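I set out to record what could be looked up in this structure, taking the chain as a whole before its charged pairs and its cysteines.

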Amino acid sequence: RTYEPREMPFRTNPSRKRVAIVGSGNWGCAIAKIVGQNATRHNHIEEEVRMWVFEEMVGGRKLTEIINEDHENSKYMPGIKLPRNVVADPDVVSATKGANILIFVLPHQFLGGLCAKICGNTAPDCIAVSLIKGVHFDETGMVLVSDLIKQGLHGMDVSVLMGANLAKEVAGGAFCETTIGYNIEANGKLLKTVFNDPLFHVAIVSDVPGVEVCGALKNVVALGAGFTDGMGLGDNSKAAIIRIGLMEMKKFIQSRYPKVQDATFFESCGVADLIVTCYGGRNRRCAEEFVKAGGRKTFLQIEKELLNGQKLQGTLTVKEVMHILRKEGSADKYPLFKSIHAIAFEGAPVESMLATLGCFELDQVLMAKDQFGQVVTKRTVVYYGRMGDQRAAL
């Protein structure tokens, strides 16, 4: 039987918190599965969870119809059943009416228009949490997505949730951790009850900017990891990119938000999210394909081919980061970010990433040739040796 939404207002107990999810892509559906299950377990959360869905036709049916009748998002999360108490709604005003907790999980480019519609529609005590892994940039520099939501909703308190959370694995029930960054501790504790379950372990920290910007910059580093995969290099090379990337992330974040704690980088939102994104995320996958295409495809083309309507965040973020760094005159302090941008948008050869990081210089290669004999190159890895004895120069 189709789960029929109740008439508004549908909260049967005024003391219960109504949760609304704004977004329904693969990450939105993965988190909806957890939130929906928790809503049936906790007495302080209203059982029915509304999820705003951008309406589109899939196989001749409306996507909201598919979700509400089949309890599955067959386009963005096929094969994963959603709880029956998660109700898809194509009208963001209806979906968020009277909500006490808003969960934003969609590309940040769509926030402006949606916040204008949501504003004034929620409960007076409403709080929000952003699961959006990106940052916004304007003429003044970097703007947190949580601050965009706060501004769009007239000062509403906004927390953030980031972590090593590949959507398909979360939806499949694989154990993982995540981090909530909060401004107000009571709100952080409330949000923990909304998301935490035995297989989705939530830690809360008083560090919104640290948690949030880690979630954006790791996508830039993942492009570098994808470049190493595309060049056919191994785990040692990728580990180096991850380490250097983490250091550049830390430097960039703390130079702008000095109160960000070192400990935040060791939460799930920091090093764990960076590692999983550099091994399994969409940014890594698209960067690998970019290298294999040998300059015949742009990232925009690859995004359309591989991501089924999802958006690639790393390329957008590195563009804006480099704009800021060059404006400040500090780009040379971030050699990995600078090199990734040059490869993605300025036609630099992918091999230049290793040279930029100091792995080799031309005179070093020539010196190795004089000392050991013939020099053989395979992609960016330099091998040298005599009589079949080849040792890696990198």
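The entries below follow that order.

**Entry 1: the chain as a whole.** I note at the outset that the model is predicted. I looked up the secondary structure and found 16 helices together with 15 strands. I then turned to burial: of the 394 residues in the chain, 54% are buried. For the surface, I recorded an exposed area of about 17500 Å², of which carbon and sulfur atoms supply 52%. I also examined contacts with a separation of 6 or more, and 69% of these in the chain join residues 24 or more positions apart.

**Entry 2: salt bridges.** How many salt bridges does the count come to? I obtained 21. I looked up several of them individually.

I began with Glu72, which forms a salt bridge with Lys81; the closest N and O atoms are 3.4 Å apart. Glu72 has a relative accessibility of 16%, and because this is under 20%, I entered Glu72 as buried.

Next I took the pair of Glu289 and Lys297, whose side chains meet in a salt bridge at 3.5 Å, N to O. Glu289 has a relative accessible area of 23% and is partly exposed. Lys297, at 25% relative accessibility, likewise counts as partly exposed.

I then examined Asp332 and Lys338, where the N to O distance of the salt bridge is 2.5 Å. Is Asp332 buried or exposed? I found Asp332 to be exposed, as its relative accessible area is 60%. Its partner Lys338 is partly exposed, with a value of 32%.

Finally, I asked which residues are linked with Arg284 in a network of salt bridges. The network holds Asp229, Lys238, Glu288 and Lys292 along with Arg284.

**Entry 3: cysteines.** I searched the whole structure for disulfides and found zero. I followed this up at Cys214, which is in no disulfide: the nearest cysteine sulfur belongs to Cys269 and lies 5.1 Å away. Why is this pair not a disulfide? The sulfur atoms would have to be within 2.5 Å, and the distance of 5.1 Å from Cys214 to Cys269 therefore does not qualify.

I also looked up accessibility here. Cys214 is buried, with a relative accessible area of 0%. Cys126 counts as buried too, at 7% relative accessibility.

Technical notes. Residues are numbered from 1 along each chain as its sequence is written. This is a predicted model: local features need pLDDT of at least 70, side-chain atom pairs count only at pLDDT 80 or more; totals for chains, interfaces and linings use all residues. Side-chain values use heavy atoms; hydrogens and water are left out. A salt bridge is a side-chain nitrogen of Lys or Arg within 4 Å of a carboxyl oxygen of Asp or Glu. Buried means under 20% relative accessible area, exposed over 50%, partly exposed in between (1.4 Å probe, protein chains only). Helices (H or I, at least four residues) and strands (E, at least two) are DSSP runs, numbered from the N terminus. Contact means heavy atoms within 4.5 Å. Accessible areas come from the Shrake-Rupley method with a 1.4 Å probe; for residues, only the protein chains shown count as cover.
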